[in-house]
Amino acid sequence: MLRFEDNFPLKEITALRIGGPARQFVVVSNKSELTETLIYASQKNIPYLVIGGGSNLLVSDSGVNKLIIKNEMEGIIKQGKTLKVASGVILQHLVDYSIAHSLEGLQKLSGIPGSIGGAVYGNAGAYGQTISDFIFEVKALDPNGQIITFDKEECEFAYRSSLFKKKYYIVLEIVFKLNSGKTEQLRKEADEILEKRLIKYPKGIKCPGSFFKNLVAEELPLGILKRIPKEKIVFGKIPAGSLLEEVGAKGDSLGDIEIATYHANLFVNKGNGKASDFYELAKKYEDLVYEKYGIKLEPEVQLLNLPPLG
Ligand SMILES: Cc1cc2nc3c(=O)[nH]c(=O)nc-3n(C[C@H](O)[C@H](O)[C@H](O)COP(=O)(O)OP(=O)(O)OC[C@H]3O[C@@H](n4cnc5c(N)ncnc54)[C@H](O)[C@@H]3O)c2cc1C
């Protein structure tokens, strides 16, 4: 039974624990609930947005004048090395499932919070692996209610980007074709990564992950690239954190928002942080990096009801 809640405080469901009220909020657990919700939104003429785990969102203090649909559609179907996965499945559950079934290809994504739908939207990744590596196809709903199946190439996956970030679709279902692996070895790899991640993201930290995207060196104009010390280029990318560090971001704070002393691209809510302070601090360092290097950093985190950065 669907429960539409008015003025729902979004800070209750974001990893950052920041965000004003959504005009309306609903959780959907299967496709028919999603369909019912979309009909409701259309009849009431309310704009809507589908979210997953809320782990990559910076929501304005004044909230969002939309129906926020939290996707909790579940289901993993295994046929040999192929997994058909509903977009509301928690990424960690899928990683654990694949390891338990001796399937290799997702283990390095261990510890990334959020849903598969959110991960596909932003092509989430870590430790040299991305969610798109073993994707075969994605089913998504277009704004006219048509279900479209996209093969991997049509998904336009790139560094923290996909077709679904450029055009509005609701990601419904993802098919992965994985490799055979050994459960013990895969578990060991995943556990090592979980241990490393705990140093950057200690338990209970309120943050949306890295705030700005790293830069792909070969995409930068030569004139700008020349200004970046060579040692800052790691595996073809310039970590945004290293540029932010150069302009003094580490440890700076505004209100209850603090930039980690150990990582200049990690903006943390110490308790009662405000989106406005987060935004202002991020803007300050975006401007400082631009002044020093001529580079416009782009946020990896999705801003809701805030002016664009980057
Ligand atoms: C502690 C921490 C560590 C993190 N580490 C990493 C990391 O190592 N690598 C990495 O890549 N990310 C990382 N992140 C960021 C985040 O976990 C990922 O971006 C994640 O994939 C977002 O999934 P979500 O379900 O929480 O998306 P949400 O935050 O709910 O939404 C993000 C965007 O996706 C859209 N979206 C969500 N579901 C759908 C759907 N079904 N259809 C269409 N659009 C949809 C939303 O509208 C929104 O624009 C980290 C975050 C935290 C808090």
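Contact here means heavy atoms within 4.5 Å, a cut-off worth having in mind as we meet a helix lying across a sheet. That helix is H8 (residues 275-293), and the strands it lies across are S17, S18 and S19. Please read everything below as a description of a predicted model. After the sheet and its helix come a helix pair, the surroundings of the ligand, and a short look at Ile77.

**The sheet and helix H8**

- Strands S17, S18 and S19 make up an open sheet, in that order, with antiparallel pairing.
- The edge positions belong to S17 (253-254) and S19 (267-269); each has a single partner strand, so one side of each is left without a neighbour in the sheet.
- Two bridges link S17 with S18 (residues 257-259), and the two strands pair in the antiparallel sense.
- Within this part of the sheet, Leu254 is found opposite Ile257 of S18.
- As for general background, strands of a sheet pair through backbone hydrogen bonds, in either a parallel or an antiparallel way.
- Helix H8 runs at about 30° to S18 as it lies across the three strands.

**Helices H2 and H5**

- A pair of packed helices is described by the distance between the axes and the angle between them.
- For H2 (residues 91-100) and H5 (residues 183-200), the axes come within 8 Å and cross at roughly 150°.
- Angles over 145 degrees count as roughly antiparallel, and H2 and H5 are therefore roughly antiparallel to each other.
- On the H2 side, the contact is made by Gln92, Asp96, Ile99 and Ala100.
- H5 contributes Thr183, Leu186, Arg187, Ala190 and Leu194 to this contact.
- By residue type, the contact of H2 with H5 comprises five nonpolar, two polar and two charged residues.

**Around the ligand**

- There are 34 residues around the ligand, and those that come nearest are Val50, Gly52, Ser55, Ser115 and Gly125.
- Val50 also has a polar backbone atom 2.7 Å from an oxygen atom of the ligand.
- For Pro113, a polar backbone atom is 2.9 Å from a ligand oxygen atom.
- At Ala119, the separation between a polar backbone atom and an oxygen atom of the ligand is 3.3 Å.

**A look at Ile77**

- Ile77 belongs to strand S6 (residues 76-79).
- Leaving aside residues up to four places away in sequence, Ile77 touches Thr82, Leu83 and Lys84.
- Ile77 and Val175 are 98 residues apart along the chain, with 9.4 Å between their C-alpha atoms.

Terms used: Residues are numbered from 1 along each chain as its sequence is written. This is a predicted model: local features need pLDDT of at least 70, side-chain atom pairs count only at pLDDT 80 or more; totals for chains, interfaces and linings use all residues. Side-chain values use heavy atoms; hydrogens and water are left out. Two strands pair if DSSP finds at least two bridges between them. Helices (H or I, at least four residues) and strands (E, at least two) are DSSP runs, numbered from the N terminus. Axes are lines fitted to C-alpha atoms, for helices over the stretch in contact, and angles run from 0 to 180 degrees between N-to-C directions. Angles under 35 degrees count as roughly parallel, over 145 as roughly antiparallel, 65 to 115 as roughly perpendicular and the rest as oblique. Ala, Val, Leu, Ile, Met, Phe, Trp, Tyr, Cys and Pro count as nonpolar, Asp, Glu, Lys and Arg as charged, and the others, Gly among them, as polar. A residue is near a molecule or strand if one of its heavy atoms lies within 4 Å of it. A polar contact is a pair of N or O atoms within 3.5 Å; within protein, one must be able to donate a hydrogen and the other to accept it, and residues adjacent in sequence count only if both atoms are side-chain atoms.
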